[in-house]
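Q: Please take a close look at one part of this structure with me. I am new to reading models like this, so a slow walk would help.

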Amino acid sequence: MASPSVRDAARRAAPDDGVPDAPVRRRAETWLAVAGMVGAAVFLGGFALVLNRTDEETFLARLYPAMTDAGVDLASADAYDAARTLAAWFGLTLVVVLLVAAAGVHVARRRPARRSTGWWFLAAGLACLLGSQFVLYPVAFLFFLAAGLFALRRTRPTGPLTGPLTETLPDTGSTP
């Protein structure tokens with residue numbers, strides 16, 4: 001008859017207080033990421049949508065004076081092309097941010113105990129920050145906050161080798 005393994009011994013010795021471990025939930029992180037996705041869609045998508053639906057005459061009559069009042073010094077012939085290019089860049093940034101953040105939300109829901117999921121939100125925040133040319137730093141901050149919560153927030157571990165019993169197990173150089 002084989003001797004019981006260390007894992008079986010740990011299971012038998014673990015105190016059973018009758019309280020099951022609470023499931024890990026990442027509601028705060030998910031809500032922050034979704035709020036960042038909505039903010040990116042409103043600002044990046046709104047800018048791209050407005051400029052893609054505006055013809056050159058309307059742009060020069062309504063938007064160009066607002067740009068010059070804001071301090072953007074461009075010739076009127078170059079301003080429309082520059083604004084359209086910026087709108088295309090913001091549209092591409094929006095697609096990247098939404099895809100990366102959606103992947104992060106998916107992984108956060110499938111495996112909420114993993115801390116590495118925060119890397120998805122960090123990438124979404126960096127894409128939002130760099131793609132918007134540092135304009136949407138408040139929206140990117142939401143993604144950075146979600147990533148930071150994944151890195152710093154401790155979850156209650158579940159499994160047979162948790163708690164003070166793990167310190168009393170012999171160090172054999174292998175995992176049980």
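What follows is a walk along helix 2 and the loop after it, with a few other loops for comparison.

A: Happy to help! Keep in mind that this is a predicted model. Let's begin with the whole chain. The protein chain has seven helices and zero strands, so its pattern along the sequence reads α-α-α-α-α-α-α. Of its 176 residues, 27% are buried.

Now to our part. Helix 2 covers residues 27–52. A good place to start is arginine 26, which forms a salt bridge with glutamate 29. Their closest N and O atoms are 3.0 Å apart. That pair counts as a salt bridge because 3.0 Å falls within the 4 Å limit. As background, side chains of opposite charge can pair when their charged atoms come close. The structure holds one salt bridge, and both of its partners, arginine 26 and glutamate 29, are buried.

Next, look for methionine 37, which sits in helix 2. This residue is buried because its relative accessibility of 17% is under the 20% cut-off. Methionine 37 also shows how folding brings parts of a chain together in space: its C-alpha is 9.1 Å from that of leucine 142, although 105 residues separate the two in sequence.

The neighbour in sequence, valine 38, is in helix 2 too, but it belongs to a surface feature. Together with Val34, Val42 and Phe43, Val38 makes a nonpolar surface patch of about 350 Å². Membership in such a patch requires over 30% relative accessible area, so these four residues pass that limit, whereas methionine 37, at 17%, counts as buried.

A little further on comes leucine 44, again in helix 2. With 1% relative accessibility, leucine 44 is buried, because that value is under 20%. Leucine 44 has a distant partner in sequence as well: cysteine 128 is 84 residues away along the chain, yet the two C-alpha atoms are 9.1 Å apart in space.

Now step off the helix. Threonine 54 lies in the loop between helix 2 and helix 3. You might expect a loop residue to be open to the outside, but threonine 54 is buried, because its relative accessibility of 12% is under 20%. Its side chain reaches back to valine 50, coming 2.5 Å from the backbone oxygen there.

The next residue tells another story. Aspartate 55 is found in that loop between helix 2 and helix 3 as well, but it is partly exposed, because its relative accessible area of 36% lies between the 20% and 50% cut-offs. That value is also over 30%, so aspartate 55 is open enough to join a surface patch. And it does: Asp55, Glu56, Glu57, Asp78 and Asp81 form a negative surface patch. Helix 3 (56–69) and helix 4 (76–110) each give at least two residues to this patch.

For comparison, let's visit other parts of the chain. Threonine 93, in helix 4, is buried because 6% relative accessibility is under 20%. Its C-alpha is 7.2 Å from the C-alpha of serine 132, which is 39 residues away along the chain. In the loop between helix 4 and helix 5 you will find threonine 117. Like threonine 54, threonine 117 is a buried loop residue, because its 1% relative accessibility is under 20%. A polar atom of its side chain lies 3.5 Å from the backbone oxygen of arginine 114.

Finally, look at the loop between helix 5 (118–131) and helix 6 (137–152), where glutamine 133 is placed. Phenylalanine 134 is in that loop too. Most residues other than glycine have a negative phi. Glutamine 133, however, has a positive phi of about 60°, and phenylalanine 134 has a positive phi of about 65°. Glutamine 133 is partly exposed at 46% relative accessibility, while phenylalanine 134 counts as exposed, because 51% is over the 50% cut-off.

Back at our starting point, the picture along helix 2 joins buried leucine 44 with the nonpolar surface patch that includes Val38. In the loop that follows, buried threonine 54 is succeeded by partly exposed aspartate 55, a member of the negative patch.

Methods:
Residues numbered from 1 in each chain as written. Predicted model: local features only at pLDDT ≥ 70, side-chain atom pairs only at ≥ 80, totals over all residues. Heavy atoms only, no water. Patch = residues over 30% accessible without salt bridge, like charges linked within 9 Å, V, L, I, M, F, W, Y side chains within 5 Å. Areas by Shrake-Rupley, 256 points an atom, 1.4 Å probe, with all protein chains shown as cover. Salt bridge = Lys/Arg side-chain N within 4 Å of Asp/Glu carboxyl O. Lys, Arg positive; Asp, Glu negative; His and termini not counted. Charge placed at Lys NZ, Arg CZ, Asp CG, Glu CD. Helix = DSSP H or I, 4+ residues; strand = E, 2+ residues; numbered from the N terminus. Buried < 20%, exposed > 50% of the residue type's maximum accessible area, 1.4 Å probe, protein only. Polar contact = N/O pair within 3.5 Å; in protein donor to acceptor, adjacent residues only side chain to side chain.
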